[in-house]
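Okay, thanks for making room for me today. Let me put the sequence and the model up, and then I'll walk you through the contacts.

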Amino acid sequence: MEEQQLKTGKFALNYGLLLGLVSVVFGVMLYTQKMHYEMSTPIMIVSVILTAVAIFMGVNAFKKANGGYLKIGEALKVAVGIALISAIISLLYQYVLTNFIEPDFIDKAMEIAKPKTFEQNPSLTEEQWEQGVTMRKKMNWISYPIGLIISCVIGLVLGLITGLILKKAKPAY
């Protein structure tokens, strides 16, 4: 009698949706506090911790549903799936924020970054700055696929760590 293989996609979808929802709530919280322009270290750390917790919970739930057994490959599938689904949801929120809720988001973000940029690079001219801002506006679309890739890589690393911690092979007999 052959036992049915458990699907990783169900766990990736459920926990990816959960992480995506939590990420959007976190983004709305940042927006209401006017902190959505900055990508400071504490904000990034909180985002990675939220991702790590969701991935650990998803992989652990898969392990429990799989009779307590887990292969590293299964952990990676669940983790990358969670990261990908949550990234899609987060990027959809980011798109809505920057194009509909606050259409001048890029202009404001550039104005906030301007003093620090000139401080770090005193030889930069105003004309060069304006060219950079124009280029950034034209190339803004590239941030979406890059965000997906970075999220998947983070999911891969966190999935590997979680898989190494939780792995348990089925007995050979």
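So, to warm up: is Tyr 173 buried or exposed? Tyr 173 is exposed, with a relative accessible area of 86%. The cut-off for calling a residue exposed is over 50%, so 86% puts Tyr 173 in that class. If you want to find Tyr 173 on the screen, go to the segment after α6, and α6 itself covers 143-166. I also picked a partner for a distance check: from Tyr 173 to Ile 82 is 33 Å, C-alpha to C-alpha, with their positions 91 residues apart in sequence.

Before going on, please keep in mind that this is a predicted model.

Right, aromatics. A pair of rings gets described by two things, the distance of the centres and the angle of the planes. Here the count comes to five aromatic pairs. Take Phe 11 and Phe 62, an edge-to-face pair at 5.4 Å centre to centre, with 90° between the planes. In sequence those two are 51 residues apart, and the pair links distant parts of the chain: Phe 11 sits in helix α1, residues 8-32, while Phe 62 sits in helix α2, residues 41-65. And are they buried or exposed? Phe 11 has a relative accessible area of 7%, so it's buried. Phe 62 comes out at 1%, so that one is buried too.

Next pair: Tyr 37 with Phe 105. These rings are stacked, 5.3 Å centre to centre and 20° between the planes. Again we have a link between distant parts of the chain, with 68 residues separating Tyr 37, in the loop between α1 and α2, from Phe 105, in helix α4, residues 105-120. Tyr 37 and Phe 105 are both buried.

There's a cluster as well: Tyr 95, Phe 100 and Tyr 144 are joined up by ring pairs.

Now, staying with rings but adding a charge, look at Lys 34. Where does Lys 34 lie with respect to Tyr 31? Over the face of the ring, at 5.3 Å from the ring centre. Lys 34 belongs to the loop between α1 and α2, and its relative accessible area of 57% makes it exposed. One for the backbone people: phi of Lys 34 is near 60°, so a positive value, in a residue other than glycine.

On to salt bridges. How many does the structure hold? Four. Let me go through some of them. Glu 102 and Lys 108 meet through their side chains at 3.4 Å, N to O. Asp 104 also bridges to Lys 108, at 3.8 Å, N to O. Put those together and you get a salt-bridge network of Glu 102, Asp 104 and Lys 108. What does accessibility look like across that network? Glu 102 is buried, at 7% relative accessible area. Lys 108 counts as partly exposed at 37%, and Asp 104 is partly exposed at 31%.

Then there's Asp 107 with Lys 137, a salt bridge at 2.5 Å, N to O. Asp 107 is in helix α4 and Lys 137 is in helix α5, residues 126-138, so this pair ties together parts that are 30 residues apart in sequence. Both ends have some accessibility: Asp 107 is partly exposed at 34%, and Lys 137 is partly exposed at 41%.

Let me zoom out to helix packing. At what angle do α1 and helix α3 pack? About 35°, and their axes are 7 Å apart; α3 covers residues 72-101. The α1 and α3 crossing is right-handed. As for what makes up that contact, its residues divide into 16 nonpolar, eight polar and two charged.

Last stop is Met 57, over in helix α2. With a relative accessible area of 38%, Met 57 is partly exposed. I ran a distance for this one too: Met 57 and Val 133 are 76 residues apart along the chain, and their C-alpha atoms are separated by 41 Å.

If you take one picture home, take the two ring pairs: the edge-to-face one of Phe 11 and Phe 62, and the stacked one of Tyr 37 and Phe 105. Okay, over to you for discussion.

Methods. Residues are numbered from 1 along each chain as its sequence is written. This is a predicted model: local features need pLDDT of at least 70, side-chain atom pairs count only at pLDDT 80 or more; totals for chains, interfaces and linings use all residues. Side-chain values use heavy atoms; hydrogens and water are left out. Rings of Phe, Tyr and Trp (its six-membered ring) pair if their centres lie within 6.5 Å; planes under 30 degrees apart count as stacked, over 60 as edge-to-face and the rest as tilted. Helices (H or I, at least four residues) and strands (E, at least two) are DSSP runs, numbered from the N terminus. Buried means under 20% relative accessible area, exposed over 50%, partly exposed in between (1.4 Å probe, protein chains only). A charge sits over a ring if NZ of Lys or CZ of Arg is within 6 Å of the ring centre and within 35 degrees of the ring normal. Axes are lines fitted to C-alpha atoms, for helices over the stretch in contact, and angles run from 0 to 180 degrees between N-to-C directions. A crossing is left-handed if the near helix is turned anticlockwise from the far one by less than a right angle, and right-handed if clockwise. Ala, Val, Leu, Ile, Met, Phe, Trp, Tyr, Cys and Pro count as nonpolar, Asp, Glu, Lys and Arg as charged, and the others, Gly among them, as polar.
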